[in-house]
Amino acid sequence: MSKIAIRINAADVVAVALQPLSKGTQVTLEAMDDVPEVVVTLQEDITAGHKFAIKEIKKGEPIIKYGYPIGEATEDIATGKHVHTHNIHTLLSGELAYTYDGAKAKAAYDAWYKDTEKLRANVPTVNVYKRKDGRVGSRNEVWVVPLVGCVNKIAETLAQWANAQFCGGEPKPSEQGGLEGFFTWTHPYGCSQMGGDKETTATILADLVHHPNAGGVLVVSLGCEENNIPYFKEFLGAYDENRVKFMVAQNFEDELAEGKKLLTELAEYAGAFRREPAPLTDIVLGMKCGGSDGMSGITANALIGRICDAMTGMGGRVMLTEVPEMFGAEQMLMNRCVDESRFDKTVSLINGFKGYYARHNQVCYENPSPGNKAGGITTLEDKSLGCVQKGGKAPVTGVLKYGERLTEKGLTLLEGPGNDIVSTTGMTAAGANIILFSTGRGTPLGAPVPTVKIATNHPLAQNKHGWIDFDAADVLDEPSDTVRDRLLQLIIDIVSGRKVTKNEKNGYREIAIFKDGVTL
């Protein structure tokens with residue numbers, strides 16, 4: 001690694017250490033745009049991922065990183081001093097007013113369109129499962145979906161039996177096609193819920209039933225729950241009776257025997273599917289970050305942003321969620337909304353989630369986490385500006401409510417919290433076939449769909465190789481296009497069944513449904 005520190009934007013008043021740096025180290029930051037080279041002598045030890053001042057900053061002045069304020073100085077900060085929680089506070093507050101700038105939006109669109117022109121001429125091919133509704137699956141699995149938490153163990157028992165019976169005990173994807181495993185999505189809900197929460201549970205579970213990665217689905221009901229089968233079918237809508245089966249456990253003396261019979265029928269149906277060639281742009285890509293650090297916005301999230309630009313530039317569909325981690329960076333996204341309608345929806349998305357915090361008497365900036373801070377992230381603005389790098393330069397073409405399914409091409413903003421399992425579940429429910437998940441601290445979790453763990457730094461990739469699929473810190477040593485193309489090839493291989501993600505290999509796949517109200 002040639003660089004030891006980086007100034008991300010020419011307007012920045014801080015730089016980020018790319019490795020641990022000792023007091024007295026002389027750091028040279030290369031010229032950017034019209035801003036000359038800067039040489040800084042460190043006055044303190046700086047941990048990798050943490051920030052230091054590259055000019056004198058007076059108390060009350062904004063701290064600029066990524067070209068935007070990440071907070072305000074709480075004291076005078078000398079050049080070369082550590083800049084972190086001890087001398088910055090957030091500038092975030094409640095709901096704000098925003099103005100749409102059509103000229104900025106057009107300029108952003110034109111720049112993105114020009115940058116992605118070559119990619120449009122050569123869209124890669126993937127081998128996927130084509131479904132009757134026109135969507136494609138990156139996997140061909142049978143999913144067991146419990147309507148209420150009371151039948152979770154029944155669902156788990158049935159999935160374990162089916163994997164032993166039909167998959168030799170080891171579910172895994174196939175390059176050719178056929179049955180690739182049985183999985184169940186347990187949760188604690190489906191009863192003792194009221195109003196919106198009750199509807200949300202039914203909506204998310206219905207989305208999972210319709211997901212194209214599932215070649216067959218067994219819906220398991222207890223029989224007396226609020227989210228019973230007649231109620232659930234109102235949210236499910238039309239379905240293929242060969243693909244979706246229902247079982248009410250209370251209606252059978254031996255519910256396991258009945259479940260095994262239905263899973264045998266579904267195994268026969270789903271097992272007939274084979275992979276077929278399709279353009280890469282037929283898949284839906286989700287983007288997520290968790291356990292972030294000060295390197296996230298420089299390496300992994302920036303790399304995912306280049307994948308986002310590539311996918312949207314080729315005509316694909318990509319979604320970005322974690323609305324609270326847009327706070328402080330929302331203007332970057334609003335400046336890229338393709339029209340005023342999308343802009344208005346983005347404003348509602350941001351202020352609506354701030355209203356959610358206010359309804360619960362919580363401040364909207366109660367973030368980042370202790371692990372984020374240890375990794376060099378100081379304020380929510382700092383975290384958010386790094387988080388939205390995953391969106392690259394792509395125009396914002398859609399805004400979805402939680403539980404809605406993605407249809408539009410381009411970059412869509414999906415309503416949802418920052419919580420890792422809730423947000424990956426939300427993206428899965430919206431139709432993601434695969435999720436790119438960046439992490440600086442490391443996390444083993446996975447969604448129901450392949451979840452590609454992308455490390456922000458070399459030590460994490462080396463120390464937790466059982467969790468990590470890709471090392472994004474390579475962008476510090478190699479041309480970014482080279483690393484992007486390598487990650488794109490990994491995505492193609494995973495979607496086509498040639499490779500598995502670490503979360504799939506480890507069996508780490510789960511869901512969590514967003515909850516907003518009381519439990520009876």
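# A guided tour of pockets, a cavity and two unusual loops

Start by selecting Y113: with 40% relative accessibility, this residue counts as partly exposed, because that value falls between the 20% and 50% cut-offs. The model you have open is a predicted one, so keep that in mind as you go.

**Stop 1: a patch on the surface**

Keep Y113 selected and colour helix α1, where Y113 is found. Now add Y109 and V338 to your selection. Together with Y113, they form a nonpolar patch on the surface, with about 260 Å² of accessible area between the three.

**Stop 2: the largest pocket**

Next, select I8, A302, R306, Q389 and K393. Of the 46 residues that line the largest pocket, these lie nearest its centre. Several elements give two or more residues to this lining: β1 (5–6), β3 (26–29), α1 (102–115), α2 (117–120), α7 (300–313) and α14 (480–495). You have already met α1, the helix that holds Y113. How much space lies in the largest pocket? The value is about 1,500 Å³. Try colouring the lining by residue class: you should find 21 nonpolar, 10 polar and 15 charged residues.

**Stop 3: the second largest pocket**

Clear the view and select P171, F182, F183, G507 and R509. They lie nearest the centre of the second largest pocket, which has 24 lining residues. Its volume is about 590 Å³. Now show α3 (152–166), β13 (182–184) and α15 (502–506), the elements that each give two or more residues to the lining of this pocket. Which of the elements gives the most to that lining? It is α3, with four residues. Colour by class once more, and the lining of the second largest pocket shows eight nonpolar, six polar and 10 charged residues.

**Stop 4: a cavity inside**

From open pockets we move to an enclosed space. The structure holds one cavity of 30 Å³ or more, and the largest cavity has a volume of about 60 Å³. To find the place, select D293, S296, G297, I377 and G386, which are the closest to its centre among the 13 lining residues. By class, the lining of this cavity has three nonpolar, six polar and four charged residues.

Now highlight helix α11 (residues 380–387), which gives the most to the cavity lining, with four residues. Is α11 buried or exposed? Eight of its eight residues are buried, so the helix is largely enclosed by the rest of the structure. Click along α11 to see them: L380, E381, D382, K383, S384, L385, G386 and C387. You may recognise G386 from the cavity selection a moment ago.

**Stop 5: two residues with a positive phi**

Our last stop is about the backbone. Most residues other than glycine have a negative phi. Select Y66, which is not a glycine and yet has a positive phi of about 60°. Look for Y66 in the loop between β6 (62–65) and β7 (68–73). With 7% relative accessibility, Y66 counts as buried, because the value is under 20%.

Then jump to N361, in the loop between α9 (340–359) and α10 (370–374). N361 is not a glycine either, and has a positive phi of about 55°. Is N361 buried or exposed? At 70% relative accessibility, N361 counts as exposed, because the value is over 50%. Show Y66 and N361 together to finish the tour: Y66 is buried, while N361 is exposed.

Conventions. Residues numbered from 1 in each chain as written. Predicted model: local features only at pLDDT ≥ 70, side-chain atom pairs only at ≥ 80, totals over all residues. Heavy atoms only, no water. 1 Å grid on protein atoms, 1.4 Å probe; cavity = no way out; pocket = protein on both sides within 12 Å on 5 of 7 lines; lining within 4 Å. Points joined across faces, edges and corners; volume = space filled by probe spheres on them. Nonpolar A, V, L, I, M, F, W, Y, C, P; charged D, E, K, R; others polar. Patch = residues over 30% accessible without salt bridge, like charges linked within 9 Å, V, L, I, M, F, W, Y side chains within 5 Å. Areas by Shrake-Rupley, 256 points an atom, 1.4 Å probe, with all protein chains shown as cover. Salt bridge = Lys/Arg side-chain N within 4 Å of Asp/Glu carboxyl O. Buried < 20%, exposed > 50% of the residue type's maximum accessible area, 1.4 Å probe, protein only.
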